[in-house]
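Here is my note on the model. The points go from strand pairing to the helices and then to the annotated residues.

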Amino acid sequence: MTKTVRVRVTGKVQGVGFRAWTAKEAKARRLSGWVRNRRDGTVEAILSGDGPMVDAMLDLLRHGPSGRGVDDVEAQEWTGAVPDGFLVTETA
């Protein structure tokens with residue numbers, strides 16, 4: 001069953017390769033969606049795919065890549081459009 005969530009990640013998540021890491025991990029789990037920086041210093045993502053793979057990605061985001069300081073991950077159901085594949089998009 002497909003699960004789609006909008007995620008907001010807070011902490012030291014900009015300027016540290018967090019978006020590229022997120023895209024790599026999402027693609028490895030065959031997820032669709034996108035990731036982008038927000039002007040408020042957070043990172044936002046849409047994750048869509050097999051439910052257990054989305055849940056696994058959420059767990060990864062809670063820890064971030066080695067040496068990255070994630071403070072919090074908020075996820076909520078998303079019903080908007082989702083692109084094919086996984087994209088790194090411009091800052092919003």
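1. Start with one pair of residues. Gly11 has Val70 in β4 as its bridge partner. That pair belongs to the β1 and β4 pairing, which is antiparallel and has 8 bridges. Keep in mind throughout that this is a predicted model.

2. β1 also pairs with β3. The sense is antiparallel, over 8 bridges. Within this pairing, Thr4 has Ser48 of β3 as its bridge partner.

3. β3 pairs with β2 as well. Residues 43-50 form β3 and residues 32-37 form β2; they run antiparallel and share 6 bridges. Arg36 sits opposite Glu44 of β3.

4. Now the whole sheet. What is the strand order? The order is β4-β1-β3-β2-β5, in an open sheet of 5 strands with mixed pairing. The edges are β4 (69-77) and β5 (86-88); each has a single partner strand, so one side of each lacks a neighbour in the sheet. On average, neighbouring strands are turned by 20° against each other, direction ignored.

5. Helix α1 covers residues 18-28. It lies across β1 (2-12), β2, β3, β4 and β5. Its direction makes an angle of about 175° with β5.

6. Helix α2 covers residues 51-63 and lies across β1, β3 and β4. Against β3 it runs at about 155°. Its length checks out: 13 residues at 1.5 Å a residue should span 18 Å, and the end C-alpha atoms are 19 Å apart, which agrees.

7. Which residues of α2 are buried? They are Gly51, Val54, Met57, Leu58 and Leu61. Viewed down the axis of α2, the buried residues fall within an arc of 120°, so they line one face of the helix. Their packing partners are β1, α1, β3 and β4. So the buried face of α2 can be followed on the model as a single face.

8. The face of α2 turned away from the buried side holds exposed residues, Pro52 and His63. After α2 comes Gly64, with a positive phi near 70°.

9. Next, the annotation. An unreviewed UniProt entry lists Arg19 and Asn37 under "active site". They are spread over 19 residues of sequence, yet they cluster in space, with a largest C-alpha distance of 7.6 Å. The label comes from that record, and such annotations may be inferred rather than shown by experiment.

10. Arg19 first. This residue is in helix α1. Is Arg19 buried, exposed or partly exposed? Arg19 has a relative accessible area of 26%, so it falls between the 20% limit for buried and the 50% limit for exposed and counts as partly exposed. Leaving out residues up to four places away in sequence, Arg19 touches Val35, Arg36, Asn37, Val88 and Thr89. Among these contacts is Asn37, the other residue listed in the record. Another is Arg36, the residue opposite Glu44 in β3.

11. Then Asn37. This residue is in strand β2. Its relative accessibility is 9%; buried means under 20%, so Asn37 counts as buried. With residues up to four places away in sequence set aside, Asn37 touches Val13, Gln14, Arg19, Thr42, Val43, Glu90, Thr91 and Ala92.

12. To close, put the two listed residues side by side. Arg19 belongs to α1, whereas Asn37 belongs to β2. Arg19 is partly exposed, while Asn37 is buried. The two touch each other.

Notes:
Residues are numbered from 1 along each chain as its sequence is written. This is a predicted model: local features need pLDDT of at least 70, side-chain atom pairs count only at pLDDT 80 or more; totals for chains, interfaces and linings use all residues. Side-chain values use heavy atoms; hydrogens and water are left out. Two strands pair if DSSP finds at least two bridges between them. Helices (H or I, at least four residues) and strands (E, at least two) are DSSP runs, numbered from the N terminus. Axes are lines fitted to C-alpha atoms, for helices over the stretch in contact, and angles run from 0 to 180 degrees between N-to-C directions. Contact means heavy atoms within 4.5 Å. The expected span of a helix is 1.5 Å times one less than its number of residues. Buried means under 20% relative accessible area, exposed over 50%, partly exposed in between (1.4 Å probe, protein chains only). The arc is that of the directions from the helix axis to the C-beta atoms.
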